[in-house]
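User: I'm new to this structure, so please pick one part and take me through it closely. Start with the whole chain, then zoom in and show me what sits around your chosen spot.

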Amino acid sequence: KNGVDYIVTGRVMFQSNSSLNIEPGTEIVFENGGSLVLNKSTLHAIGSNSERIIFRGQDDSKGFWKSIIFYGNTDNQMAYCDIRDAGASTAPDGGSGAGSFTSAVILGNSLGDASLSLENCLITNASTYGLYIRAKSKLTAFSGNTITNCDYVAYVTANSLGQLAGSSNQLTGNIHDQVKVNGDQVRDAALWPALPVTFLFSEDTQIENEVSI
């Protein structure tokens, strides 16, 4: 496909156990403040090396549109996708208001956890974080991804830090080549990987299972 397939003008929310499947080569453009929200629904956006799926802003400035937000769902897949120009301040449910987050991709909120398989994707030109993982949300796969030209690589909880241990990820070229870690209870056995970025812990961390560094 050539050119833009869809223009998102505001918040698009899928809910009540619905699903969204995006074909290879699809290009989705977000107007200022637009977002895509998966609430108790699933996203399967699986492109290919030759037909990548593109999510981008109508303008190429950082934080032009909000985020792709997942909560209350456990079977999401993104592969060979480009997510550009996102990270405007957004409320946990994808709207606006207090308790906002700034990240291109957000997993989970106070309304529910989420999981995502993220492979061979590019996250770039995002305001603040490329990736935000909250509470018990998790990456079920994380390999072949590039997160670059963001303010920070990611924001994760200490319990989810080991999920960044996938292979062939490129995480440098950001304003701060750092993963911010929100200290909490590490309940799951994990390997904290040696990445070409630093981990910046913001609070006390209590390790309650086996952690290898």
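Analyst: Let's start from the outside: the protein chain exposes about 9200 Å², and carbon and sulfur atoms supply 44% of that. (Accessible areas come from the Shrake-Rupley method with a 1.4 Å probe, and for residues only the protein chains shown count as cover.) Keep in mind that this is a predicted model, where local features need pLDDT of at least 70 and side-chain atom pairs count only at pLDDT 80 or more, while totals for chains, interfaces and linings use all residues. Residues are numbered from 1 along each chain as its sequence is written, and side-chain values use heavy atoms, with hydrogens and water left out.

Now the overall build. The chain has zero helices and 23 strands; here helices (H or I, at least four residues) and strands (E, at least two) are DSSP runs, numbered from the N terminus. Its radius of gyration is 16 Å, close to the 17 Å that the globule rule gives for 213 residues, so the chain is as compact as a globular protein of that length. (That radius is taken over C-alpha atoms, and the rule is 2.2 Å times the number of residues to the power 0.38.) Along the principal axes, the C-alpha atoms fill a box of roughly 50 × 35 × 25 Å. Of the 213 residues, 51% count as buried, where buried means under 20% relative accessible area, exposed over 50%, and partly exposed in between (1.4 Å probe, protein chains only). Plenty of the contacts are long-range too: among those between residues at least 6 apart in sequence, 63% join residues at least 24 apart, with contact meaning heavy atoms within 4.5 Å.

For the close look, I'll take D82. You'll find D82 in strand β10, residues 81–84. D82 is an acidic side chain tucked inside, and it counts as buried because its relative accessibility is 6%. So who's next to D82? Leaving out residues up to four places away in sequence, D82 touches R52, I53, I54, F55 and L122. With R52, the side chain of D82 makes a polar contact, at 2.7 Å. (A polar contact is a pair of N or O atoms within 3.5 Å; within protein, one must be able to donate a hydrogen and the other to accept it, and residues adjacent in sequence count only if both atoms are side-chain atoms.) As for I53, it is 29 residues from D82 along the chain, yet their C-alpha atoms are separated by 6.2 Å.

S115, in strand β12, makes a good companion to D82. S115 is buried as well, with a relative accessible area of 7%. A polar atom of the S115 side chain lies 2.5 Å from the backbone oxygen of T74. Apart from residues up to four places away in sequence, S115 touches N73, T74, D75, N76, K138 and T140.

Just ahead of that strand, N109 lies in the loop between β11 (103–107) and β12 (114–119). Buried or exposed? N109 is buried, with a relative accessible area of 4%. A polar atom of its side chain lies 2.8 Å from the backbone nitrogen of L111.

For contrast, look at another loop: N17 is found between β2 (11–14) and β3 (19–22). N17 is exposed, at 69% relative accessible area, and its phi is near 60°, a positive value in a residue other than glycine.
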